[in-house]
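Me: I have a model open and want to learn how to read it. Can you take me through it feature by feature?

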Amino acid sequence: MRMVVFPVLTAVAVAATVCTPAHADFLTRKERAAGRVTACSTNGHHACYTARLVRSPTGMKMRLKGGTLIDCAGDCRDTLRRETVDFWDDQRERNGDGGH
């Protein structure tokens, strides 16, 4: 029995680690404790945006000021930055507009 239990428990532990969203690695203790994350523009704008963190069955999400929930997609701060303060700059880059 002991020989069967150990591999099963090991497999469960590994699966839990692999399936856990990586968002925890990208949040500071202060952000986790406050339940908020702040992202600032990396494109020369002086804008920053703060969103409330929400735990869901599928992982961490952020609630924007209008009430919209967005997935952290691994890195909450980077996702928040791309979806808010740098949204239009990122859209231009993706479309090959070169920022014009």
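Me: Let's start with contacts. Which residues does Ala51 touch, not counting residues up to four places away in sequence?

Reply: This is a predicted model, so keep that in mind throughout. Skip the sequence neighbours and look at what remains. Ala51 touches Gly35, Arg36 and Val37, and also Met62, Arg63, Leu64 and Leu80. Ala51 itself sits in strand 2.

Me: How far apart are the C-alpha atoms of Ala51 and Val37?

Reply: Compare the distance along the chain with the distance in space. Ala51 and Val37 are 14 residues apart along the chain, and their C-alpha atoms are separated by 5.6 Å.

Me: Is Ala51 buried or exposed?

Reply: Read the relative accessibility against the cut-off: buried means under 20%. Ala51 has 1%, so it counts as buried.

Me: Now the sheet. What is the order of its strands?

Reply: Follow the pairing from strand to strand. The sheet is open, has four strands in the order 1-2-3-4, and pairs them antiparallel. Strand 1 and strand 4 are the edges; each has a single partner, so one side of each has no neighbour in the sheet. From one strand to the next, the twist averages 40°.

Me: How many bridges pair strand 2 and strand 3?

Reply: Bridges tell you which residues face each other across a pair. Strand 2 and strand 3 are antiparallel, with five bridges. Arg55 has Met60 in strand 3 as its bridge partner. Between the two strands is a hairpin connection of two residues.

Me: And how many bridges join strand 3 to strand 4?

Reply: Three bridges, again with the strands antiparallel. Arg63 is opposite Leu69 of strand 4. Lys61 is opposite Asp71, also in strand 4. This hairpin has five residues between its strands, and Gly67 in the turn has a positive phi of about 100°.

Me: Why is strand 3 described as largely enclosed?

Reply: Count its buried residues. Four of the five residues of strand 3 are buried, so the rest of the structure largely encloses it. Take Met62 as a case. Beyond four places in sequence, its contacts include Val37, Ala51, Leu53, Ile70, Cys76 and Leu80.

Me: Which residues have the most contacts inside the largest nonpolar core?

Reply: Look for buried nonpolar side chains that join up. The largest such core has 14 residues, and Val37, Leu53, Met62, Cys76 and Leu80 have the most contacts inside it. Strand 1, strand 2, strand 3 and helix 4 each supply at least two residues. Strand 2 gives the most, with three.

Me: Which strands does helix 4 touch?

Reply: For packing, check the contacts, then the angle. Helix 4 packs on the sheet and touches strand 1, strand 2, strand 3 and strand 4. Its direction makes about 55° with that of strand 1.

Me: One residue of that helix interests me, Arg81. Is Arg81 buried or exposed?

Reply: Go by the value, not by the residue type. Arg81 lies in helix 4, residues 76–83. Its relative accessibility is 12%, so Arg81 counts as buried.

Me: What is Arg81 in contact with, leaving aside its neighbours within four places in sequence?

Reply: Its partners are Ala39, Cys40, Ser41, Thr42, Asp86, Phe87 and Asp90. Thr42 is 39 residues from Arg81 in sequence, yet their C-alpha atoms are 8.2 Å apart. Then check the side chain for polar contacts. The side chains of Arg81 and Asp78 make one of 2.8 Å.

Key:
Residues are numbered from 1 along each chain as its sequence is written. This is a predicted model: local features need pLDDT of at least 70, side-chain atom pairs count only at pLDDT 80 or more; totals for chains, interfaces and linings use all residues. Side-chain values use heavy atoms; hydrogens and water are left out. Buried means under 20% relative accessible area, exposed over 50%, partly exposed in between (1.4 Å probe, protein chains only). Contact means heavy atoms within 4.5 Å. A polar contact is a pair of N or O atoms within 3.5 Å; within protein, one must be able to donate a hydrogen and the other to accept it, and residues adjacent in sequence count only if both atoms are side-chain atoms. A nonpolar core is a set of buried Ala, Val, Leu, Ile, Met, Phe, Trp, Tyr and Cys residues joined through side-chain atoms within 4.5 Å. Two strands pair if DSSP finds at least two bridges between them. Axes are lines fitted to C-alpha atoms, for helices over the stretch in contact, and angles run from 0 to 180 degrees between N-to-C directions.
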